[in-house]
Amino acid sequence: MSAAASILALPAAALVLVGLLRSPAARRVVSPPREDRWHRQTTPTIGGIGIFAGLVVGVLVAVALGAVPGPDEPVPSSNAQVLGILGGCAILFLAGLLDDVFSLPPLAKIAAQLAAAGVVLAAGLKVTIVSNHWLALVLAVFWLVGMTNAFNMLDNMDGLAASLAAIASLFFAIDAATLHPNRAVLVVALALLAACAAFLPFNLRRSGGAKVFMGDSGSQVLGFALAACGLAATLRVAGTTVVTLLLPLLILAVPILDTTLVTIVRLFEGRPIYQGGRDHTSHRLVYHGLSDRRAVILLAAISAVLGATSLTYSVIDDAKITVIGVALTFALFVQFASFLADVERSPTSTADRREGFLRNIVVHRRRLVEVLVDAVLVTVSLYGAYVLRLGSNGTPSQQRYFMALLPILLFARYLTFIPLGLYRGVWRYADARDAARIAAAVLFSEFVAWGVISATRPRGDFPRAILVIDALLCTLLVGASRFWERAAYRGVTTLRGSGPRRRVLVVGAGRSGRSLARELRETPGEQVVGFVDDDPRLWRRRLLGVPVLGSADEMRRIVVAARPDTVLVTIPQAPSERLDFVRDACDASGVECRFVRREIDPEPWKSLSTSDH
């Protein structure tokens, strides 16, 4: 129970924030509105002081009460880890505060981040997935510095960084308290969660803008502390289960996505990575029609789902399920990033853009992303098939055969995907024909790879069933990575705005009616509530997800039940007595009725020249 004392970070942070907002610092350390920033009013940037103060109070009180170490944890190393994390956070807090006041150059920020990483690594935290000491050191520094900057960049909209940090802290705390007991992580995560909870009411308000920003002194502390928790969470259990290594990656997937997306886009546009801008994930969701609050809620929900998924994998502890689940999650997540990369941005954010060296690459950045994602998916699907059939090990000859097959399969996939148009599609409009092309491309490339490897290398004890499983997995993963954009586009469109939509009833479920329904479904502010058609085979069934409500002679009942704002008739050549039912029902209910005619002019230029005169 002593670890619960960490929640004292909440009242401590809240008291500090209240005091700071009443002090002269709230008028001096401020961030004025700028073209490359999102806020519209001058706001204090001293919230990081409250977050850090709460973190320190919560951790130190818990340590003083004996929360660290746990029952089976070594005393020196556990205490050293907690103090090392606090020491690294203190360095970044001071550097961030100086940056909030004086605007430090980028090299000074990096130097502070490297110093903080050095303190944590000296305290005993490290990467355990590789045996080489120097490679492990490089990976650990990259992780710590990268996540610190990820949260620094993520602090671009009211409530976003604190919300995602609170969610990540919650899942680290749950894991440390239940699945993989670790008092050091539990204490730091609970204190960080409480500090964020104290800060959010000042930053994410129901009405009006934020009363205070966390500034670099807060965002860098959040990112660094969570990165350190990620290292500490895997330190004692990495040798037990590989699934645990996924925990920090999935919990912190949204900040990783945002940083990766912004970095790639800015490199393509020739802009400095460290320069501020309105090109983050949250901004792109707003450009797509969501409000600020809904964009934050959506990203927080995604983060929560991924965190819950990571804990589920840890509970199941089955490598086969994890490989398939993580591969599918990765495909959907990266395709979501590709979907966001295509969102148009406001003109103010694209001004004075200069050409960058990556713009000279022939492949469009979206297609480059698809090519890179496919490389990962092909690799993951083959490995997943291997694990499903042979387990995570296999004989040495089977492992060698796998390593020889993988590059051949990659080459065969690209050789087939390109001519079949898998890199030319606009996937938000994908249909069954695109799904058939994906399945055909995967199946054909599987046969090609199998033929090449069979002609050049004896199969030995390598099962043929692995290629069958691989074809199925690859079709699923590549298809999900393409069709996810269609689902994301419709999902975000559904969330867009809160105003009423015009309810449309379509008369005629033939080709013209279905075509009109598709067009209306892609039009903001329109909702197709039903079809009316005289074909009894269609009654009470659904077309394009829309019910066929009945025939024309039932129009009076249908109009009353469906409550349309307008009725669009796509069969103007129907018998007049059938159209009379439609017109009379609309007149009786006071509903607008319009005829939709789609005609092809055989001599358009003649008509245009006549109208000019």
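Helices and strands here are DSSP runs, with helices of at least four residues and strands of at least two, numbered from the N terminus. This tour of a predicted model begins with a loop defined by two such strands.

**Arg 540.** Select Arg 540 in the loop between strand E4 (526–532) and strand E5 (542–543). Its phi is positive, at about 65°, although the residue is not a glycine. Most residues other than glycine have a negative phi. The relative accessibility of Arg 540 is 57%, and the residue therefore counts as exposed, the cut-off being over 50%.

**Arg 563.** Move next to Arg 563, which sits in the loop between helix H20 (555–562) and strand E7 (566–569). This residue, likewise not a glycine, has a positive phi near 50°. Arg 563 is exposed, with a relative accessibility of 53%. Display its surroundings: leaving aside residues up to four places away in sequence, Arg 563 touches Arg 503 and Ile 558. A distance drawn from the C-alpha atom of Arg 563 to that of Ser 589 reads 9.2 Å, and these two residues are 26 apart along the chain.

**The whole protein.** Now zoom out and colour by secondary structure: the protein has 22 helices and eight strands. Of its 613 residues, 49% are buried. Among contacts between residues at least 6 apart in sequence, 75% join residues at least 24 apart. With a surface displayed, the protein exposes about 28,600 Å², of which carbon and sulfur atoms supply 63%.

**The main nonpolar core.** Which residues touch the most other members of the largest nonpolar core? Select Leu 144, Phe 151, Phe 172 and Leu 252, which hold that position within a core of 102 residues. Helix H8 (residues 183–203) gives the most to this core, contributing 15 residues. Centre the view on Phe 151: with residues up to four places away in sequence not counted, its contacts include Ala 161, Ala 165, Leu 222, Leu 226, Leu 252 and Pro 255. Ser 219 and Gly 223 are also among the residues that Phe 151 touches. A second, separate core has 31 residues, including Ala 430, Ile 438, Ile 466 and Leu 473. In soluble globular proteins, nonpolar side chains tend to be buried together.

**Thr 148.** Return to helix H6 (residues 133–154) and select Thr 148. Is this residue buried or exposed? Thr 148 has a relative accessible area of 1%, so it is buried. Beyond residues up to four places away in sequence, Thr 148 touches Leu 92, Gln 113, Ser 219, Gln 220, Gly 223 and Phe 224. Ser 219 and Gly 223 thus appear in the contacts of Thr 148 and in those of Phe 151.

**Cysteines.** How many disulfides does a search of the whole structure find? The search finds zero. Cys 229 is in no disulfide, and the nearest cysteine sulfur, that of Cys 89, lies 8.5 Å away; a disulfide would need the sulfur atoms within 2.5 Å. Cys 229 is buried, at a relative accessible area of 1%. Cys 196 is buried as well, with a value of 0%.

**A nonpolar surface patch.** Finish at the surface by selecting Leu 98, Val 101 and Phe 102, which make a nonpolar patch of about 300 Å². Val 101 belongs to helix H4 (residues 75–102). The relative accessibility of Val 101 is 43%, so the residue counts as partly exposed.

Technical notes:
Residues are numbered from 1 along each chain as its sequence is written. This is a predicted model: local features need pLDDT of at least 70, side-chain atom pairs count only at pLDDT 80 or more; totals for chains, interfaces and linings use all residues. Side-chain values use heavy atoms; hydrogens and water are left out. Buried means under 20% relative accessible area, exposed over 50%, partly exposed in between (1.4 Å probe, protein chains only). Contact means heavy atoms within 4.5 Å. Accessible areas come from the Shrake-Rupley method with a 1.4 Å probe; for residues, only the protein chains shown count as cover. Patches are made of residues with over 30% relative accessible area and no salt bridge: like charges are joined within 9 Å, nonpolar side chains (Val, Leu, Ile, Met, Phe, Trp, Tyr) within 5 Å. A salt bridge is a side-chain nitrogen of Lys or Arg within 4 Å of a carboxyl oxygen of Asp or Glu. A nonpolar core is a set of buried Ala, Val, Leu, Ile, Met, Phe, Trp, Tyr and Cys residues joined through side-chain atoms within 4.5 Å.
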